[in-house]
Amino acid sequence: MPERIATTSDCAKCAALCCVAYPSDDMPGFAASKRSGEPCPRLAPCGTCTIYEDRERLGFGGCIAYDCFGAGQFVTQALSHSGAQPGRTVATQAMIDRFLLVRPAFDLLRLAQRLADDNLPPEHESRRVSIVRSLEDALLTGDPAIVEHVLLPAKAALRDLYAARSLQNRKGNLNSRRAHALVG
């Protein structure tokens with residue numbers, strides 16, 4: 001199933017949403033004080049980081065560890081009609097609000113997409129595809145109410161899939177150890 005929404009961050013296509021949306025109190029490894037909605041003091045007016053190469057050395061290791069899984073560029077692109085230009089514009093309040101709303105959906109979408117590499121049994125793969133589709137469909141509508149509506153069911157279904165995968169892996173490991181003990 002081809003992905004309709006990428007879950008790989010591309011900061012060059014974003015309007016510095018993470019640098020504006022989050023307060024520094026909620027972000028470990030952030031050596032500046034700021035409130036939600038305020039640009040990072042290290043953010044240039046054009047929306048680029050002035051210390052990008054030296055972030056860790058200057059106490060901004062949390063910025064390196066953070067990943068929005070593509071939510072930033074998704075929102076920037078979705079609201080680009082409002083004049084936002086990646087690398088030239090700092091996020092607007094509408095962009096920040098949308099980013100904070102869709103960010104959890106991107107976390108879940110990334111987790112669901114990662115399961116595709118796990119060679120799931122057909123019934124679990126079908127459920128995984130359904131989760132991905134529901135999240136992508138909700139995000140592509142652009143309607144915040146629809147995105148919020150799918151979050152809890154997607155989270156519960158994904159939790160069930162990860163639990164089933166974990167149980168399957170434990171059974172496989174147990175059978176492998178038993179076979180090794182019989183042979184060995």
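The second largest pocket of this predicted model holds about 230 Å³ of space, where a pocket is an open set of points on a 1 Å grid over the protein atoms alone, with protein on both sides within 12 Å along at least five of seven lines, and where lining residues have an atom within 4 Å of a point. Its volume is the space filled by probe spheres set on the points, which are joined across faces, edges and corners, and the probe is one of 1.4 Å. The lining consists of 13 residues, with K13, G70, Q73, F74 and Q77 nearest the centre.

The largest pocket has a volume of about 620 Å³. Among its 32 lining residues, C11, C18, C19, Y52 and R55 are the closest to the centre, while the elements that contribute two or more residues are α1 (17–21), α2 (61–65) and α3 (71–78). Of these, α1 gives the most, with 3 residues; helices here are DSSP runs (H or I, at least four residues), numbered from the N terminus. The classes of the two linings are set out below, with Ala, Val, Leu, Ile, Met, Phe, Trp, Tyr, Cys and Pro counted as nonpolar, Asp, Glu, Lys and Arg as charged, and the others, Gly among them, as polar.

| Pocket | Nonpolar | Polar | Charged |
|---|---|---|---|
| Largest pocket | 21 residues | 6 residues | 5 residues |
| Second largest pocket | 5 residues | 6 residues | 2 residues |

Two helix pairs describe the packing, with axes fitted as lines to C-alpha atoms over the stretch in contact and angles running from 0 to 180 degrees between N-to-C directions. Helix α4 (residues 93–114) packs with α5 at an angle of about 155 degrees, their axes lying 9 Å apart, and the two are therefore roughly antiparallel. For α3 and α4 the angle is about 135 degrees, with the axes 9 Å apart, which makes α3 oblique to α4. In these terms, angles under 35 degrees count as roughly parallel, over 145 as roughly antiparallel, 65 to 115 as roughly perpendicular and the rest as oblique. The crossing of α4 and α5 is left-handed, whereas that of α3 and α4 is right-handed; left-handed describes a near helix turned anticlockwise from the far one by less than a right angle, and right-handed a clockwise turn.

Confidence is given as pLDDT, the predictor's confidence in each residue from 0 to 100. The protein averages 85, and 84% of the residues score at least 70. Helix α5 (residues 122–141) has the highest mean, at 94, and helix α6 (residues 144–183) the lowest, at 77.

Residues are numbered from 1 along each chain as its sequence is written, and side-chain values use heavy atoms, without hydrogens and water. As this is a predicted model, local features need pLDDT of at least 70 and side-chain atom pairs count only at pLDDT 80 or more, whereas totals for chains, interfaces and linings use all residues.
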